[in-house]
Amino acid sequence: MEFIQLLKNQEVTQAALFSVEGELMNVIIKDSKEFHAGDSVACVVNDQKFDTKIIKKQQYNLYLYIPWFDQLNLRERRKAVRTCCEIRAYIQSEQKEIPVTVLDVSITGLGFFCARKLSAHRPYKISFMMEETMNHLEVMIQHVQETEDGFRYGCQFINSREGTLFPIRRYILKQQLTKLEDV
């Protein structure tokens, strides 16, 4: 098991990294009485420091929210866990709207199904409703897989600022918190 350090009020606490899923990290600590839901803490992993917030505490387990968006190196594939969904959407291609279905989302990209063949490594605009917000994002198709009735595409968000991805980040976090309720 990998160990990280938690910094709170200039005190260092050793923590075992249990799991990371999307923007949610679960760590286990020996003495949890100094930590409370809502606290801000810093994490140090392999000489890299980043700020987190405790969103749930359960005995010796701390569940931390990690805003990965600013810290990801987007040149590497599949840096973030994808969350399943099924959302009707439209791809803008040559002045036409092509219907697609978004199958999964992450903070760096999404996967969708389309009955038509689209060109890989070309930017497209995709529009869909999520978290009561109409999202218009630019994506680059990175991967294409042919299926029986069409094509499954894996895309990376391009030219997106953190604020434009807020509804997606909120959706992913809500899905992760729903999983926590079962713990």
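Buried means under 20% relative accessible area, exposed means over 50%, and partly exposed lies in between. These legends use those words for a predicted model.

**Figure 1. The whole protein is built from one helix and twelve strands.** Read the elements from the N terminus: β-β-β-β-β-β-β-β-β-β-β-β-α. The helix therefore comes after the strands in the chain. The protein has 183 residues, and 44% of them count as buried. Its exposed surface is about 11000 Å². Carbon and sulfur atoms supply 47% of that surface. Now take the contacts with a separation of 6 or more: residues 24 or more positions apart account for 48% of them.

**Figure 2. Six strands form a closed barrel.** Follow the order S7-S8-S9-S12-S11-S10. The pairing is antiparallel. From one strand to the next, the twist averages 45°.

**Figure 3. Strands S10 and S11 pair in the barrel wall.** S10 covers residues 123-130, and S11 covers residues 133-147. The two strands run antiparallel. How many bridges join S10 to S11? There are eight. One place to look is Met-129, which stands opposite Met-134 in S11.

**Figure 4. Asp-31 and Lys-33 meet in a salt bridge.** Side chains of opposite charge can pair when their charged atoms come close. Here the N to O distance is 3.2 Å. Is Asp-31 buried or partly exposed? Asp-31 counts as partly exposed because its relative accessibility is 38%. Lys-33 has 55% relative accessibility, so Lys-33 counts as exposed. By the rule used here, the protein has four salt bridges.

**Figure 5. Arg-152 and Asp-104 form a salt bridge.** Their closest N and O atoms are 2.3 Å apart. This pair links distant parts of the chain. Arg-152 sits in strand S12 (residues 150-158), while Asp-104 sits in strand S8 (residues 96-105). The two residues are 48 residues apart. Arg-152 counts as partly exposed because its relative accessibility is 22%. Asp-104 has a relative accessible area of 9%, so Asp-104 is buried.

**Figure 6. A salt bridge joins Glu-131 to Arg-170.** The side chains meet at 3.5 Å, N to O. Which parts of the chain does the pair link? Glu-131 is in the loop between S10 and S11, and Arg-170 is in helix H1 (residues 166-181). They lie 39 residues apart. Glu-131 counts as partly exposed, because its relative accessibility is 21%. Arg-170 also counts as partly exposed, at 42%.

**Figure 7. Asp-39 is a buried loop residue.** Its loop lies between strand S3 (24-28) and strand S4 (40-45). Why does Asp-39 count as buried? Its relative accessible area is 17%, and buried means under 20%. A polar atom of the Asp-39 side chain lies 2.8 Å from the backbone nitrogen of His-36. Leave aside neighbours within four places in sequence. Asp-39 is then in contact with Lys-8, Glu-34, Thr-52, Lys-53 and Ile-54.

**Figure 8. Gln-10 has a positive phi.** The angle is near 60°, in a residue other than glycine. Where is Gln-10? Look in the loop between strand S1 (2-8) and strand S2 (11-21). Gln-10 has a relative accessible area of 82%, so Gln-10 is exposed.

**Figure 9. His-121 also has a positive phi.** The value is about 55°, although His-121 is not a glycine. His-121 lies in the loop between strand S9 (109-114) and S10. Is His-121 buried or exposed? With a relative accessible area of 55%, His-121 is exposed.

**Figure 10. Val-144 is a residue of strand S11.** Val-144 counts as partly exposed because its relative accessibility is 26%. Which residues does Val-144 touch, not counting residues up to four places away in sequence? They are Lys-117, Ala-120, Phe-151, Arg-152 and Tyr-153. Arg-152 is the residue that forms a salt bridge with Asp-104. Now find His-121 again. The C-alpha atoms of Val-144 and His-121 are separated by 10.0 Å. Along the chain, these two are 23 residues apart.

Definitions and conventions: Residues numbered from 1 in each chain as written. Predicted model: local features only at pLDDT ≥ 70, side-chain atom pairs only at ≥ 80, totals over all residues. Heavy atoms only, no water. Pairing = 2+ DSSP bridges. Helix = DSSP H or I, 4+ residues; strand = E, 2+ residues; numbered from the N terminus. Axes fitted to C-alpha atoms, helices over the stretch in contact; angles between N-to-C directions. Buried < 20%, exposed > 50% of the residue type's maximum accessible area, 1.4 Å probe, protein only. Contact = heavy atoms within 4.5 Å. Areas by Shrake-Rupley, 256 points an atom, 1.4 Å probe, with all protein chains shown as cover. Polar contact = N/O pair within 3.5 Å; in protein donor to acceptor, adjacent residues only side chain to side chain.
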